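Q: Could you take me on a close look at a single part of this model, the region around the bound ligands? I would like to see how the neighbouring pieces fit into one picture.

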Amino acid sequence: MDVIVTPTPKLQGDIQALSSKNYTTRYLLVAALAEGTSTIYFPAHSEDSDAMRRCIRDLGAIVEEDEEKIVITGFGNRPRDVKELNVGNAGAVLRFLMAVAALCPEVTFVNTYPDSLGKRPHDDLIDSLRQLGVTVNDNAGKLPITISGGNPKGGRITVSGNVSSQFLSALLFLTPLLAEDSEIEVLHDLKSKVVVGQTLEVLEQAGIKIEASDDLMFYRIPGGQKYEAKTYRVQGDYPGSAAVLAAAAVTESDVTIHHLEEKSKQGERAIVDVLRMMEVPLTHENGDVIVRGNGRLKAVEFDGDAATDAVLAMVAAAVFAEGTSRFYNVENLRYKECDRITDYLNELRKAGANVEERQSEIIVHGRPEGVEGGVEINAHYDHRVIMALTVVGLRAKKPLRILDAHHVAKSYPIYFDHLQALGANVEWVK
Ligand SMILES: O=C(O)C1=C[C@@H](OP(=O)(O)O)[C@@H](O)[C@H](O)C1
Ligand SMILES: C=C(OP(=O)(O)O)C(=O)O
């Protein structure tokens, strides 16, 4: 399914932020790793959270749900002996469950998205699991991957944080369940460090004790712990909302998004500060972000690693800013659903934006007068590319057709419904 985005000068109305993807996947996981019954209120509904739901069920969790909650009876440290798991295109779900698979006799993670998740590297996590004595058969660090647990005990391990924080998060979920104490040292840099804060927050809520160094590069994890069954409430999702806020920023608008906590640990809440730095009129109080856009934006410089999943939306806003914007420290955007530097900038250029890439940097020469549009956009299987190009399409001169825009459902299945509710001219076509 494609979407046609027709230029729309005005957006108006209010929407509820959808529920956070990253918190939903984490709560589902810690509920599955507990032995009792946990309840998760307002979980996200998207392909990625569905993938986690499906896989924990396959691993033996009992999952029941209604409109507002999911009730999960976990399998503790004894997942069912499952032969195969299908995580769809969900990177975090794959990485977290590769660690859990160390508790299983033998599991194969299948490769259902060869052109997206199938291209992403997992070597760093594979190396760490091998240090724990787990046997891993992989395809040069990529899917399909077979993990044979071999009853790991814990101990001292290292993990590289250069490519993704998800490898470290995965080990932090596993090691408390092992019989002996563990120590994890992060080698090189730790990218997307803020997301590890969300992992630690959820582990603490689940009753797990972990000692973390202030710089998040070293951890002591007592072994033999048990996850407690708890009640969780999922907060609003900043990465998805970032695209809607960017859309409001580049148009004449009066848009409110409810349910975005000011004190959230999501790094992507920086979208609010970045738009503010770009001189977009907005307020953020009592969980409501209100943007009253006038279409005028100023260029910005920003360390994108602090808000990994909002960078594409920020870049889309910068396409219309006065001056040159720079988003630096973003190399790991290359290892996502697509290469979010080269692939994304190619699509932006097609739409008429003036952008340049460096190995770990995106440079945007703003065009306040608008871009030409009138082209077909390749979504590269990437929900965030789809959302960001939609923002650009709203202020192009001619419509954009985003091919295979249904991949938006990876994180935000109702993105286009939300935009329509705000008055955007976006239409699904076959
Ligand atoms: O831990 C998580 O849930 C995530 C971590 C981040 O990935 P990286 O650490 O690979 O940047 C983020 O981009 C991804 O959407 C979700
Ligand atoms: C990169 C993302 O997710 P994941 O790594 O979990 O596939 C994302 O949501 O933008």
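A: Happy to. One caution before starting: this is a predicted model. Let's begin with Arg-340. Setting aside residues up to four places away in sequence, Arg-340 touches Leu-312, Leu-333, Arg-334, Asp-382 and Arg-384. Arg-340 sits in the loop that runs between strand 19 (324-328) and helix 10 (342-351). Arg-340 counts as buried because 25 C-beta neighbours fall inside 10 Å, where 20 or more are needed.

The same loop, between strand 19 and helix 10, also holds Lys-336. Lys-336 is buried too, with 24 other C-beta atoms within 10 Å.

Now to ligand 2. Lys-336 is among the residues around this ligand, and so is Arg-384, which is one of the contacts of Arg-340. The rest of the shell around ligand 2 is made up of Ala-90, Gly-91, Ala-92, Asp-309, Glu-337 and Ser-411. By class, the shell of ligand 2 holds four charged residues, two polar and two nonpolar. Domain 1 (2-18 + 236-429) and domain 2 (21-233) each contribute at least three residues to the shell around ligand 2.

Gly-91 deserves a stop of its own. This glycine lies in helix 3 (residues 91-100). Gly-91 counts as partly exposed because 19 C-beta neighbours lie inside 10 Å, and buried begins at 20. Beyond residues up to four places away in sequence, Gly-91 touches Leu-117, Arg-120 and Gln-166.

What do the records add? In an unreviewed entry, UniProt lists as "binding site" Lys-21, Gly-91, Arg-120, Gln-166, Arg-340, Arg-384 and Lys-410. Two of the residues touched by Gly-91, namely Arg-120 and Gln-166, therefore appear in that UniProt list, where annotations may be inferred rather than shown by experiment. UniProt, again in an unreviewed entry, also gives "binding site" at positions including Arg-26, Asn-332 and Lys-336.

Lys-21 is named in both of these UniProt listings. Lys-21 is found in helix 1 and is buried, with 28 other C-beta atoms within 10 Å. Leaving aside neighbours within four places in sequence, Lys-21 is in contact with Ala-44, Ser-46, Asp-48, Ser-49, Asp-237 and Ser-411. Ser-411 belongs to the shell around ligand 2.

Ligand 1 is the next stop. Of the 13 residues around ligand 1, those that come nearest are Asn-22, Ala-92, Ser-164, Ser-165 and Ser-192. Ala-92 is also found around ligand 2. Helix 1 (21-32) and helix 5 (166-174) each supply at least two residues of the shell around ligand 1. That shell divides into nine polar residues, two nonpolar and two charged. Here too, domain 1 and domain 2 each provide at least three residues.

Stepping back, the domain assignment divides the protein chain into domain 1 (2-18 + 236-429) and domain 2 (21-233). Their C-alpha centres are 30 Å apart, and 18 residues of domain 1 are in contact with 21 residues of domain 2. On the domain 1 side of this contact there are eight nonpolar, five polar and five charged residues.

To pull the threads together: both ligand shells draw at least three residues from each domain, and Gly-91, which UniProt lists in an unreviewed entry, is one of the residues around ligand 2.

Conventions
Residues are numbered from 1 along each chain as its sequence is written. Chains are lettered from A and ligands numbered from 1 in the order in which they are written. This is a predicted model: local features need pLDDT of at least 70, side-chain atom pairs count only at pLDDT 80 or more; totals for chains, interfaces and linings use all residues. Helices (H or I, at least four residues) and strands (E, at least two) are DSSP runs, numbered from the N terminus. A residue is buried if 20 or more other C-beta atoms lie within 10 Å of its own, exposed if 12 or fewer, and partly exposed in between; C-beta atoms are placed from the backbone. Two residues are in contact if their C-beta atoms, placed from the backbone, lie within 7 Å. A residue is near a molecule or strand if its C-beta atom, placed from the backbone, lies within 6 Å of it. Ala, Val, Leu, Ile, Met, Phe, Trp, Tyr, Cys and Pro count as nonpolar, Asp, Glu, Lys and Arg as charged, and the others, Gly among them, as polar. Domain bounds come from an automatic or database domain assignment.
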